[in-house]
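Thank you all for making time this morning. I would like to walk through one model with you, going from its overall make-up to its surface, so please have a look at it first.

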Amino acid sequence: MSVPGPPPPDGVLAGPPCSLEAGEPTLGLNDISPDEGLIEDLTVEDKAVEQLAEGLLSHYLPDLERSKQALQELTQNQVVLLDTLEQEISKFKECHSMLDINALFTEAKHYHAKLVNIRKEMLMLHEKTSKLKKRALKLQQKRQKEELEREQQREKEFEREKQLTAKPAKRT
């Protein structure tokens with residue numbers, strides 16, 4: 001049995017294969033039994049399969065290699081983009097924390113101003129209380145002095161009355 005040649009393109013009828021010898025009848029599709037020539041066909045088929053596989057690989061392998069390289073490149077670019085994105089996220093978080101820090105500083109300034117006002121009020125109240133204490137002390141001293149003067153005046157009046165009252169004369 002002979003090895004069949006490559007199949008003709010679709011829709012084109014090919015003549016008898018070149019390997020047919022004279023006098024060998026051409027076989028139709030229904031003339032071959034499925035088991036006939038199986039072992040010989042297997043060896044031929046193995047070679048054909050190898051050749052077809054090599055042809056298929058040689059045809060598609062460069063495209064597959066380019067695709068593989070493009071995918072690797074895309075993966076590397078994706079990693080770079082992810083790193084860049086992480087950096088941008090961290091910068092955004094820093095900016096957000098800076099806003100929080102700015103808010104804290106603003107709040108601290110507000111409370112500092114309140115503390116300064118409270119301190120001024122306390123100093124003013126301290127001054128007022130000191131003045132009031134001095135005034136109260138002066139008033140108390142003034143009252144004591146007036147009371148002492150009144151007491152001395154009463155004593156003088158009492159002595160004067162005592163002297164003015166008539167004394168009975170001593171009978172001797």
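Let me begin with a definition: helices are DSSP runs of H or I with at least four residues, strands are DSSP runs of E with at least two, and both are numbered from the N terminus. L56, to take one residue, lies in helix α1, and the protein has one helix and zero strands. This is a predicted model, in which local features need pLDDT of at least 70 and side-chain atom pairs count only at pLDDT 80 or more, while totals for chains, interfaces and linings use all residues. Residues are numbered from 1 along each chain as its sequence is written, and side-chain values use heavy atoms, with hydrogens and water left out.

How many of the residues count as buried? With buried meaning under 20% relative accessible area, exposed over 50%, and partly exposed in between (1.4 Å probe, protein chains only), the share that counts as buried is 0% of the 172 residues. The protein exposes about 17300 Å², of which carbon and sulfur atoms supply 60%; these areas come from the Shrake-Rupley method with a 1.4 Å probe, and for residues only the protein chains shown count as cover.

Next, the salt bridges, where the criterion is a side-chain nitrogen of Lys or Arg within 4 Å of a carboxyl oxygen of Asp or Glu. By this rule the count comes to four, and I will go through some of them. R66 pairs with D63, their closest N and O atoms being 2.0 Å apart; the two are three residues apart in helix α1, and therefore separated by about one helical turn. R66 counts as exposed at 51% relative accessibility, whereas D63 is partly exposed at 37%.

Further along, E146 and R150 meet in a salt bridge at 3.9 Å, N to O, and because they are four residues apart in helix α1, about one helical turn separates them. Both partners are partly exposed, E146 with a relative accessible area of 33% and R150 at 46%. E151 forms a salt bridge with R154, with 3.4 Å between the closest N and O atoms, and this pair is three residues apart in helix α1, about one helical turn.

That leaves the surface patches, which are made of residues with over 30% relative accessible area and no salt bridge, like charges being joined within 9 Å and nonpolar side chains (Val, Leu, Ile, Met, Phe, Trp, Tyr) within 5 Å. Lys and Arg count as positive and Asp and Glu as negative, with His and the chain ends not counted, and the place of a charge is taken as NZ of Lys, CZ of Arg, CG of Asp or CD of Glu.

Which residues gather in the patch of negative charge? They are E45, D46, E50 and E54; among them, D46 lies in helix α1, residues 38–164, and is partly exposed at 47%. L56, with which I began, joins L57, Y60, L61 and L64 in a nonpolar surface patch of about 500 Å². Finally, K128, K131, K134 and K138 form a positive surface patch, in which K138, itself in helix α1, is exposed with a relative accessible area of 60%.
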